[in-house]
Amino acid sequence: MKTLYSKFLILTLLIMVTSTLIGFLFSNTYYHQKVKPENDQKNTEIALNMAEYAESQNSLKEYLEHTASTGYQLYVINQSGYEEFYGGDFRDRQLSDSIKQQVLAGDIYHGMENFPNETFVTGFFANELGNTIGVPFEYDSENYALFMRPDIELLFSEIHIMLGWMVIVMLILSVIAVLISAKFLIKPIKQLSNATGKVADEGFDVEIDINRNDEIGELGTRFNHMIKRLGELDHMRKSFISNVSHDIQSPLLNIKGYARLLEDESLTKEERTAHINIIREETDRLSKLARQLLVLTSLDQKNSFIKTEPVPVSQQLKEIVQKYRWMLEDKDLSLNYKLPEAHVSGDASMLYAAWENLFTNAVKYTPPGGRIDITLEEKQNEVTILFKDTGIGMTEEDQLHIFERFYRADQARTRATEGTGLGLSIVKQVIELHNGEIQVSSAPGKGTTFSLTLKKM
Ligand code: ADP
């Protein structure tokens, strides 16, 4: 596998090498176009000066030795066969006779300018006799030729060596820096990949520690957030399943138990009816649970796509009151309502289910003799509906949880009121799908008020 680390490394080194090459090509073109001819011209001037001075010297040899010592490589010949090198030696002493003859005859030799191109910038450093300037001069009535080039060994003064070292050190340092920064970049990605592996193997109890202020740091924070959320969802899913199984299991056990009791032939008619009633109640409970679960699943799938028809809220509420009037009478509860005409926008059957849940809860959790108030208030753009009862109420702790699936306050359980703990979670989900709000205020023993606000049609 090609790791990100090696890719990064190869890429950076590739960039370094290509940019060096491009830089070299550029400076090379610059050298050939501009530096080389200029260099030739400059050295020609120097050579001509040398030649002029040479002509007026007493001792030519001394003069040439002295000039060479100031940083030049010289080659001097004359027509009668004299030939001498001064200063640093040439690596390559080849020079054609015809050139020598031309200079002796008075021409100037531009070896620097015409030095072959193939050698790049390095041509400048080529220590060859061909890479010189040749000028003629006269001494003691004899024709001489002087070939010269600056001594590159002397040119490479300390400053050049220092610069050379600088380049080498920079190169080494940048390679080390690339290695370290690559490690630094790759490390959190490795951490992330290890963490995802851990999540797959061991579950959601994973947290990574990437303390950085950049995109990778943000990725780390989001990863942690995602894992936390997934953990919560996983926990919810598990407890949902265990709740559902429990809520199915207990009515089934009851049904089974009472069915067996019914087999006893010595039962009185009353006993038999009582057992059958329990079986019927438990079946009702099961079918209600199944219905509510179906509603919840369909709400989960709806997300934000719901109908936007005008829903006559007051009319719906009155229908529900009518439908459950027998319950009120059964428990001797008084009901007051103030329901002016009002419409909200939404899904009529969903909202109907919400009112039904809130109303039956008020009836269920209010002891006989209590009172229920249903009020509808219209504001500019909103409709607020209140369900108020004088029932058993709830603690603050319960109020925090009643909208969770399967949550039932202890009081609700011990009083053996039937219920699934799903009603209010359905209500909340319906109201949220309608972009509305639901609030509860309650005090144990005093009563409860649910307040819902929805957008007016
Ligand atoms: P349930 O099927 O138990 O009624 P809900 O989701 O409708 O389930 O309600 C959740 C819990 O909230 C109930 O078990 C009860 O403890 C509490 N609750 C709901 N409505 C009222 C109310 N009007 N008065 C007191 N407690 C209530």
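Biologist: What is the handedness of the crossing of α8 and α10?

Modeller: In this predicted model, the crossing of α8 and α10 is right-handed.

Biologist: And why are α8 and α10 called oblique to each other?

Modeller: Look at the angle between them. The axes of helix α8 (residues 313-323) and α10 cross at roughly 45 degrees and come within 10 Å. Roughly parallel needs an angle under 35 degrees, and roughly perpendicular starts at 65. The value for this pair fits neither class, so α8 and α10 count as oblique.

Biologist: Good. What makes α1 and α2 roughly antiparallel?

Modeller: Helix α1 (residues 4-55) packs with helix α2 (residues 60-69) at an angle of about 150 degrees. The cut-off for roughly antiparallel is over 145, so this pair qualifies. Their axes are 10 Å apart, and α1 passes α2 in a right-handed crossing.

Biologist: How do you know that α6 is roughly antiparallel to α7?

Modeller: By the same kind of reasoning. Helix α6 (residues 215-262) and helix α7 (residues 269-302) have axes that cross at roughly 160 degrees and come within 9 Å. An angle over 145 counts as roughly antiparallel, and therefore α6 and α7 get that label. Their crossing is left-handed. By class, 16 nonpolar, four polar and four charged residues make up the contact of α6 with α7.

Biologist: Now to the ligand, please. How do you know that R408 makes a polar contact with the ligand?

Modeller: An N or O atom in the side chain of R408 is 2.6 Å from an oxygen atom of the ligand. A polar contact is a pair of N or O atoms within 3.5 Å, so this pair counts.

Biologist: What makes T420 and L424 polar contacts too?

Modeller: For T420, a backbone N or O atom lies 2.8 Å from an oxygen atom of the ligand. For L424, a polar backbone atom is 2.7 Å from an oxygen atom of the ligand. Both distances are within 3.5 Å, so both pairs pass.

Biologist: How much of the ligand does the protein bury?

Modeller: The ligand taken alone exposes 530 Å², and the protein buries 98% of that.

Biologist: Which elements give two or more residues to the shell around the ligand?

Modeller: They are α10 (348-364), α13 (423-433) and β12 (447-455). The largest share, three residues, comes from α10.

Biologist: Which residues come nearest, and how does the shell divide by class?

Modeller: Of the 20 residues around the ligand, N361, Y365, R408, T420 and L424 come nearest. The shell holds 10 nonpolar, seven polar and three charged residues.

Definitions and conventions. Residues numbered from 1 in each chain as written. Predicted model: local features only at pLDDT ≥ 70, side-chain atom pairs only at ≥ 80, totals over all residues. Heavy atoms only, no water. Near = heavy atom within 4 Å. Polar contact = N/O pair within 3.5 Å; in protein donor to acceptor, adjacent residues only side chain to side chain. Areas by Shrake-Rupley, 256 points an atom, 1.4 Å probe, with all protein chains shown as cover. Helix = DSSP H or I, 4+ residues; strand = E, 2+ residues; numbered from the N terminus. Nonpolar A, V, L, I, M, F, W, Y, C, P; charged D, E, K, R; others polar. Axes fitted to C-alpha atoms, helices over the stretch in contact; angles between N-to-C directions. Parallel < 35°, antiparallel > 145°, perpendicular 65-115°, else oblique. Left-handed = near helix turned anticlockwise from the far one by under 90°.
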